[in-house]
Amino acid sequence: MTIDIQHHAEQNYVEIKLSGKLVKEDYHDFMPVIETLIEHHGPLHMLVELHDFHGWSVGALWEDMKFDVKHFKDIQFLAIVGENKWQEGMSKFCSPFTSAKIKYFDATEMDAAKAWIAETS
């Protein structure tokens, strides 16, 4: 799993790039970074880019759900940039677990995703 987190303070959003398959240990590595950003900046706007993404292990899915419950109102806007239909479906699946406004973008629409997440700031 490759995870890259960038905080774009000037545009008030966090960009997370994911590739491979998320496992439970990945959450223990990158969730403290996200939680620190929430502590210091309040509710976040996030852009999640999925490239060659293969989903979650069961343990990772559980960690994700725990994060979603704990931070239900801490993500205001979520742009998901993906490469295929199941990733688009995932954006609809996660909507009951967050109060964030969620919008899916195809990988070819990265500029539009960045514009949307920056405009919502």
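## D4 and the opening hairpin

Let's start with D4, which sits opposite K17 of strand 2. That pairing belongs to a bigger arrangement: strand 1 (residues 2-8) and strand 2 (residues 13-22) run antiparallel and share 7 bridges. Two strands are said to pair when DSSP finds at least two bridges between them. The hairpin they make has 4 residues between the strands, and N12 in this hairpin takes a positive phi near 60 degrees.

Before going on, a word about where all this comes from. The model is predicted, so local features need pLDDT of at least 70 and side-chain atom pairs count only at pLDDT 80 or more, while totals for chains, interfaces and linings use all residues. Residues are numbered from 1 along each chain as its sequence is written, and side-chain values use heavy atoms, leaving out hydrogens and water.

## The overall layout

How many helices and strands does the protein have? There are 4 helices and 5 strands. Helices (H or I, at least four residues) and strands (E, at least two) are DSSP runs, numbered from the N terminus. Read from the N terminus, the order of elements is β-β-α-β-α-β-α-β-α.

Of the protein's 121 residues, 41% count as buried. Here "buried" means under 20% relative accessible area, "exposed" means over 50%, and "partly exposed" is in between (1.4 Å probe, protein chains only).

## Strands 3 and 4

Strand 3 (residues 44-56) pairs with strand 4 in the parallel sense, over 6 bridges. One spot to look for is E49, whose bridge partner in strand 4 is V81. Strand 4 (residues 75-82) has 7 of its 8 residues buried, so the rest of the structure largely encloses it. As a bit of background, side chains in a regular strand alternate between the two faces of the sheet.

L47 is another residue of strand 3. Is L47 buried or exposed? L47 counts as buried because its relative accessibility is 0%. L47 and I5 are 42 residues apart in sequence, and their C-alpha atoms are 9.9 Å apart in space.

## D52 and the negative patch

D52 lies in strand 3 too, and its backbone is worth a look: phi is near 50 degrees, a positive value in a residue other than glycine. With a relative accessible area of 44%, D52 is partly exposed.

D52 also joins E83, D106 and E109 in a negative surface patch. Patches are made of residues with over 30% relative accessible area and no salt bridge; like charges are joined within 9 Å, and nonpolar side chains (Val, Leu, Ile, Met, Phe, Trp, Tyr) within 5 Å. For charges, Lys and Arg count as positive and Asp and Glu as negative, with His and the chain ends not counted. The place of a charge is taken as NZ of Lys, CZ of Arg, CG of Asp or CD of Glu. The accessible areas come from the Shrake-Rupley method with a 1.4 Å probe, and for residues only the protein chains shown count as cover.

## Two salt bridges

A salt bridge is a side-chain nitrogen of Lys or Arg within 4 Å of a carboxyl oxygen of Asp or Glu. By this rule the count comes to 2. One of them joins K70 and E35, with the closest N and O atoms 3.3 Å apart. This pair links distant parts of the chain, since K70 is in helix 2 (residues 58-70) and E35 is in helix 1 (residues 24-41), 35 residues apart. K70 counts as exposed at 58% relative accessibility, whereas E35 is partly exposed at 23%.

Another salt bridge brings together the side chains of K66 and E63, at 3.1 Å from N to O. Both residues are in helix 2, 3 residues apart, or about one turn of the helix. K66 is partly exposed at 38% relative accessibility, but E63 counts as buried at 13%.

## More on helices 1 and 2

Helix 2 is also home to M65, which is partly exposed with a relative accessible area of 34%. M65 teams up with L61 and W62 to make a nonpolar surface patch of about 300 Å².

Over in helix 1 you'll find K24, partly exposed at 38% relative accessibility. How far apart are the C-alpha atoms of K24 and A60? They are separated by 4.0 Å, even though the two residues are 36 residues apart along the chain.
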